[in-house]
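Subject: Structure for you to look at

Dear colleague,

Here is the structure I promised to pass on, and I would be grateful if you could open it before reading further.

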Amino acid sequence: MLLDVDKVLDRPDTVTLAQDLASVPGVSAVNITVTEIDIQTVGTTVTVVGDDIDAAAFFARIQKSGAVLHSVDEVVVGDRILEPVPRRR
Amino acid sequence: MLLDVDKVLDRPDTVTLAQDLASVPGVSAVNITVTEIDIQTVGTTVTVVGDDIDAAAFFARIQKSGAVLHSVDEVVVGDRILEPVPRRR
Amino acid sequence: MLLDVDKVLDRPDTVTLAQDLASVPGVSAVNITVTEIDIQTVGTTVTVVGDDIDAAAFFARIQKSGAVLHSVDEVVVGDRILEPVPRRR
Amino acid sequence: MLLDVDKVLDRPDTVTLAQDLASVPGVSAVNITVTEIDIQTVGTTVTVVGDDIDAAAFFARIQKSGAVLHSVDEVVVGDRILEPVPRRR
Amino acid sequence: MLLDVDKVLDRPDTVTLAQDLASVPGVSAVNITVTEIDIQTVGTTVTVVGDDIDAAAFFARIQKSGAVLHSVDEVVVGDRILEPVPRRR
Amino acid sequence: MLLDVDKVLDRPDTVTLAQDLASVPGVSAVNITVTEIDIQTVGTTVTVVGDDIDAAAFFARIQKSGAVLHSVDEVVVGDRILEPVPRRR
Amino acid sequence: MLLDVDKVLDRPDTVTLAQDLASVPGVSAVNITVTEIDIQTVGTTVTVVGDDIDAAAFFARIQKSGAVLHSVDEVVVGDRILEPVPRRR
């Protein structure tokens, strides 16, 4: 899944949030990439892969950490991590 | 196959729709990528691969979920996932 | 081979055309990518690979389906799928 | 080798020319890519690989087919297909 | 992790800083890339990978060396080095 | 090595020059890519790889063929063909 | 390591300098890429990889050859050649 998540600058800090989200059932790896830093908030994308991720639990964990889930931008379900085919027109 | 699919914001939500479409006979993996978010609707591309996918059933499942199939943009049939050769002129 | 093929919107639909062309003798896989959609017609590129494809039969099958072969843009013959070397000047 | 070759629209057609050139001694595979289509002529690049290709015979076969060899744009000789290193200044 | 780190020109020099950071517990490899050179300061990105890196110790080592940690730009936690999925909208 | 070499149009022709240079002691493969064609001269880049190439002999062979070595643009020495790291600032 | 090194046109010539630097203890391979050629000087980037390179000896060898080390632009220390993660904001 690719998620758009905002959080306050260091509450939680990015390392702690990544470790926290990586411990959700079914998660194999999490990537948190900072896309924007304003005075108060940090904009990030959260990429997560795993086997049978508990999506609801993952979203709840984001909320519990104090961060805010803006949108779910990409979801892959199946036996492989399928890249989206780019539109050619 | 690469499909252009619109849906209402969270009816269904992207995770549920991906899980639903992944359960159609012959489907190995589905990728739903959000390409546009307006007030009411979400534009997506749906990429699906599998062995002997029941295309009609796949399209019916999209419709049943409340989403709308706009167009079929790319189809591959055969013994491998064949990338289109880009036109050079 | 890479072909430039036009067809009427859904006569035939892209899935049916791809399945039909994939059944021509010697064809291993077919990719039909929609490049343009006008009111009446759909512009596509058709990429096809195989062992000893019967090119004449392939072109005839396109015509028989109601689609129109505009041009043959790329042909590879030999023991591998050889990418064209880009011109450097 | 990468060659710049022009031919009249369908004399010979691209499939026939590719099959013809692929039969020259030492040739393993040929790629003919159409780069330009004017009213009378078709501009192409011809990429050819093989073991100990008879270059003179290959050029003669192009001429015999009615096509015209404009220039030899790239030649590789040796134990591998060596990509040119791009100039960095 | 990807970090944004500034340091004074040669205190410490880049080689010494890289060797120092590579010796922090859990670190497998460190890449220090200079992104900007002003009269006094050098702007760098520090990329670090490892198994169970002691992040706090790593940040402390940066500070101890005299360099300054500006921001943590990317964190990956899990069983693989997960690339962030680029946003498509 | 990557060399910048000019030659008169067909004296020698590109195929002959490539075969000639490929026979220099230590050379495994040569790529001659035409970068410019003027009325009299042809600008090329010559990429050569091998084990323990006799560089002096290679330059002498270029001269003997009637071509002109303008510059040596890239040299790799060691146990692998090392790509240059691009500068990031 | 990625170094920014200037040298006088042919003192030393690029091949000799590369061979000389490749003989420094711990060096596996060296790439010297010419980035600029002025009347007197040649600007280059020097990329070097190895096991336990003696950095001080490497810098001294550059100086001894008559070339000038301008800056150390990238350093990797550890069990693999780690590419820098590009900044996404």
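Below is what I found where chain B touches chain C.

Please keep in mind that this is a predicted model, and that every value here was computed from it.

On the extent of the interface, 21 residues of chain B are in contact with 25 residues of chain C, and the two chains bury about 1,800 Å² between them, with 58% of that area on carbon and sulfur atoms. Within the area that chain B buries against chain C, Val75(B), Val77(B) and Leu82(B) together supply 31%, which is more than any other three residues.

As for the charged and polar pairs, there are 5 salt bridges between chain B and chain C, including one between Arg89(B) and Asp73(C), whose closest N and O atoms are 3.1 Å apart. Between these chains there are also 13 residue pairs in polar contact, both residues being at pLDDT 80 or more.

The elements of chain B that give two or more residues to the side touching chain C are helix H2 (55-64) and strand E4 (68-78), and E4(B) provides the largest share, with 8 residues. Sorted by class, that side of chain B has 11 nonpolar, 2 polar and 8 charged residues.

Strand E4(B) also pairs across the interface, since DSSP finds at least two bridges: 5 bridges join E4(B) to strand E2 (residues 27-37) of chain C, and the two strands run antiparallel. In this pairing, Val76(B) stands opposite Asn31(C) in E2(C).

With best regards

Definitions and conventions:
Residues are numbered from 1 along each chain as its sequence is written. Chains are lettered from A and ligands numbered from 1 in the order in which they are written. This is a predicted model: local features need pLDDT of at least 70, side-chain atom pairs count only at pLDDT 80 or more; totals for chains, interfaces and linings use all residues. Side-chain values use heavy atoms; hydrogens and water are left out. Contact means heavy atoms within 4.5 Å. Buried area is the accessible area (1.4 Å probe) that two parts lose on being put together, summed over both. A salt bridge is a side-chain nitrogen of Lys or Arg within 4 Å of a carboxyl oxygen of Asp or Glu. A polar contact is a pair of N or O atoms within 3.5 Å; within protein, one must be able to donate a hydrogen and the other to accept it, and residues adjacent in sequence count only if both atoms are side-chain atoms. Helices (H or I, at least four residues) and strands (E, at least two) are DSSP runs, numbered from the N terminus. Ala, Val, Leu, Ile, Met, Phe, Trp, Tyr, Cys and Pro count as nonpolar, Asp, Glu, Lys and Arg as charged, and the others, Gly among them, as polar.
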